[in-house]
Amino acid sequence: YRRRRSVFPRLSTLQFPPQNLQNSLVYTNILVFILQILSALFHVPTLNAHLVLSGCDKVSRWEILFKYLFGSTPITMYGLSSIASSYGPFMMDFAHQKRISKMQPHRYLTSGFLHSGIIHLIINMKYLFSLPSWIECELGRNLYITTFLLSTIMGNLFQSNGASAAMCLGASGGICGLNGLMYVVLTKAGESNKANKIIQSMLILLFYGVLDKNVGNACHVGGFIAGAI
C-alpha cells in the first residue's frame, strides 16, 4: 500500500519570513484607532455646544477618552442638520450604518479599520497577528489582502440584512474571511484536524455573539463565507 501524496505540502512544517502585509494591517488599525481618539477629543467643544442646547451637562476630554478606551456607550446628539457624537467625526464618517452606507458605500470597507474601544482593538489585532505566516507567504499577498478587504465588505453586507440599525465596525469580518480561506486550503491539503479547529473557533465566536447583542454574528458569517469562496 502506497500512501497517496497530497498536492499541498504540510503547511504546518513550512518556514516563512515575517508577514509584512499582516503586520502592516495591524499597524494600520492601531494608527486609525489613534486618529479616532484624536478626532473625538478635538470634537468635544462641538459636542458640548449640542449638550448645552439640550439642557445637558458638558463633558470633559477625559470622559471622552475613558469612553473610547473602555468602549462605554457613546454620547450622540442629533440636531436639525448635524450630529455630534463622543465617537468624533472621523468614526461617524467611516463607520458602517445600515441606512447611511447605502448612500455612502465606502463605509462597507472603511468600517473594517475602526474599533469601538481599546479592548475591541486588542482582541482583533491579537487574533490577526497570531494567524499563521503561510497564509500570506505561501498563498501570496494579493490573495491575502483581497480576501481581507472583500470579506470585510461581505460581512457588512450580511450585517445590513439584519433588523438591527446599530453601527457596525471592527476588523473581525476580514479576519473571519482569512479563517474561511485557511479552512478551504487546509481541507484541500488533508489537514482535517487543523481545519476542524477553525470551525470550532468560529462556533465559539458565534456562541459569544448570541450572548452579547453588540457582537455582529452576521458580519462574521458573511466574512467567513467570502473567504471560503
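These questions and answers cover a surface patch, a helix pair and the salt bridges of a predicted model.

Local features need pLDDT of at least 70, side-chain atom pairs count only at pLDDT 80 or more, and totals for chains, interfaces and linings use all residues. Residues are numbered from 1 along each chain as its sequence is written, and side-chain values use heavy atoms, with hydrogens and water left out.

Me: Is L35 of the nonpolar surface patch buried, partly exposed or exposed?
Reply: L35 is found in helix α1, residues 20-42. Buried means under 20% relative accessible area, exposed over 50%, and partly exposed in between (1.4 Å probe, protein chains only). The relative accessibility of L35 is 36%, so L35 counts as partly exposed.

Me: Are helices α9 and α12 roughly parallel, roughly antiparallel, roughly perpendicular or oblique?
Reply: Helix α9 (residues 141-160) packs with helix α12 (residues 217-228) at an angle of about 140°, their axes 7 Å apart. Angles under 35 degrees count as roughly parallel, over 145 as roughly antiparallel, 65 to 115 as roughly perpendicular and the rest as oblique. Therefore α9 is oblique to α12.

Me: How many salt bridges are there?
Reply: A salt bridge is a side-chain nitrogen of Lys or Arg within 4 Å of a carboxyl oxygen of Asp or Glu. E136 and R141 form one, at 3.1 Å from N to O, and K194 and E191 form one with the closest N and O atoms 4.0 Å apart. The count by this rule is two.

Me: In the salt bridge of E136 and R141, which residue is buried?
Reply: R141 has 46% relative accessibility, so R141 counts as partly exposed. The relative accessible area of its partner is 2%, and the buried residue is therefore E136.

Conventions: Helix = DSSP H or I, 4+ residues; strand = E, 2+ residues; numbered from the N terminus. Axes fitted to C-alpha atoms, helices over the stretch in contact; angles between N-to-C directions.
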